[in-house]
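Have your viewer ready and follow along, one selection at a time. Each stop names what to pick and then says what is there.

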Amino acid sequence: MKNWLLPLALLGTLAACSTSNESKQRANDAYQNSDEALPAFAPLATGGVNLPKADNTYQIPQVKIQRADNVDIRPPESPRAIIQNSVAQFDGERALIAYPNDKKQIYSLEQVARLLTEQGVEYKLTGNKITTGWTGAGRTDDIGNVQLQYDIEQVHSGGYSALFVSVLQAKRDDVIFTPNLKDKQRYTSDRLNQLIGQLNSTYRKQLQDLNNSGFNPIQSALSKDSNGRTALALNATFNHAWVKLGQVLPRLDFEIKDEIIGRGTRKLDYRPVSSSMWWPFSGGEGNILDKGTYFMQLSALGKQSAVVFTDEGGNELTPEKAQALYQALKNALSK
């Protein structure tokens, strides 16, 4: 009898231990369980000994937590300063990014218009502002089919340029609605970040193409541009032709004083060393160009391009000078 009472007592002790709250603490406890009562422990039996009182310095305060409304814990969506030396912010109505003027040709309304055309978004360009047609917001967390119209502006002041994006109108499932402040911030910031990111990608690709394609020879032929002026048609893309011309022009005694790749223009200063410099390129003809300032205009024609030279006043070169210059340039580009 005594032999089987002992195992029963042991089992009772183990069962009592297994039902203890301390042994059932839950891992990854959720915030919803934060208001559950903390476990309480009975004071120790002193056995007649006066124990020192516990120090309350590090005691956890008993605070009753009040539940709050649901909070959106997704990363905040705001304009990002992804242009070097730029500042981006949302002013309550518009998302904007300000950047130095030396980058205004890269981040311009003309470049934004090109992106909108590639995306199939209708727009109207008036002065320094683009007004788009209805286009999707591009957000996956929207309820219903949200369509927006944007105003995109560019301003220049004090050595800086800035692009502004604001919501002109909004509709959900063809019903016009007024977006709240949070929606305005998300919609305008998303669109601005998207535009700047795509312009950055395009600019990096252009630089890569320029660096990789400038050493290949270019075949060319005399032609006429849309204004009836004598031009040199180039069997090369705009980027390839731009770099190749930049390499060839100094060999013809042209110094590049200024250039704007976004417009395809270069301001050139012509100071010939001697007429013999032209002989390898012009088939033995002497130099007949006058010293002075000239302008070069490179235009894209699909996968080809064309270049036109004018004098300081923007006038077409005489047939004799144009023939000599384009022949020398043609021979130099083919090397």
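Which residues line the largest cavity? Select Leu-116, Val-121, Thr-132, Thr-135, Tyr-150, Ile-152, Arg-191 and Leu-195, and you have its lining. Before going further, note that this is a predicted model, in which local features need pLDDT of at least 70, side-chain atom pairs count only at pLDDT 80 or more, and totals for chains, interfaces and linings use all residues. Residues are numbered from 1 along each chain as its sequence is written, and side-chain values use heavy atoms, with hydrogens and water left out.

**Stop 1: the cavity**

Keep that selection on screen. The volume of the largest cavity is about 30 Å³, and a search of the whole structure finds one cavity of 30 Å³ or more. Here a cavity is a set of points, on a 1 Å grid over the protein atoms alone, where a 1.4 Å probe fits but cannot get out; a pocket is an open set with protein on both sides within 12 Å along at least five of seven lines, and lining residues have an atom within 4 Å of a point. Grid points are joined across faces, edges and corners, and a volume is the space filled by probe spheres set on the points. At least two lining residues come from each of β6 and α3. Colour the lining by class and you should find five nonpolar, two polar and one charged. The classes count Ala, Val, Leu, Ile, Met, Phe, Trp, Tyr, Cys and Pro as nonpolar, Asp, Glu, Lys and Arg as charged, and the others, Gly among them, as polar.

**Stop 2: the strands around β6**

Now select residues 146-157, strand β6, together with residues 160-172, strand β7. Helices (H or I, at least four residues) and strands (E, at least two) are DSSP runs, numbered from the N terminus, and two strands pair if DSSP finds at least two bridges between them. β6 and β7 run antiparallel, joined by 12 bridges. Tyr-150, which you met in the cavity lining, has Val-167 in β7 as its bridge partner. Two residues separate the strands of this hairpin, and Gly-158 has a positive phi near 55 degrees.

Add residues 129-132 to bring in β4, which pairs with β6 in the antiparallel sense over three bridges. Lys-129 sits opposite Glu-153 there. Then add residues 135-136, strand β5, which is antiparallel to β6 with two bridges; Gly-136 is partnered with Gln-147.

**Stop 3: helix α2**

Select residues 109-119. Which residues of this helix are buried? They are Leu-109, Gln-111, Val-112, Ala-113, Leu-115 and Leu-116, where buried means under 20% relative accessible area, exposed over 50% and partly exposed in between (1.4 Å probe, protein chains only). Show the side chains of Arg-114 and Glu-118 as well: they form a salt bridge, with the closest N and O atoms 3.0 Å apart. A salt bridge is a side-chain nitrogen of Lys or Arg within 4 Å of a carboxyl oxygen of Asp or Glu, and by this rule the count comes to 10. Both partners lie in α2, four residues apart, about one turn of the helix. Glu-118 is exposed at 57%, while Arg-114 is partly exposed at 26%. Just after the helix, Gly-120 has a positive phi near 75 degrees.

**Stop 4: a hairpin linked to α3**

Move to residues 87-90 and 94-100, the antiparallel strands β1 and β2, joined by four bridges. Ala-88 stands opposite Ile-97. Three residues lie between the strands, and Gly-92 in the turn has a positive phi of about 105 degrees.

Pick Glu-93 and Lys-184 next, whose side chains meet in a salt bridge at 3.0 Å, N to O. Glu-93 is in the loop between β1 and β2 and Lys-184 is in α3, so the pair ties together parts 91 residues apart in sequence. Glu-93 is partly exposed at 44%, whereas Lys-184 is buried at 17%.

**Stop 5: the second largest pocket**

Finally, select Gln-105, Gln-111, Gln-206, Ile-261 and Gly-262, which lie nearest the centre of the second largest pocket among its 16 lining residues. About 370 Å³ of space lies in this pocket. α2, α3 (181-213) and α4 (238-248) each give two or more residues to its lining, with α3 giving the most, four. The lining has six nonpolar, six polar and four charged residues. Where does the pocket lie relative to domain 1 and domain 2? Domain 1 (87-211) and domain 2 (220-334) both give residues to the lining, so the pocket lies between them; the domain bounds come from an automatic or database domain assignment.
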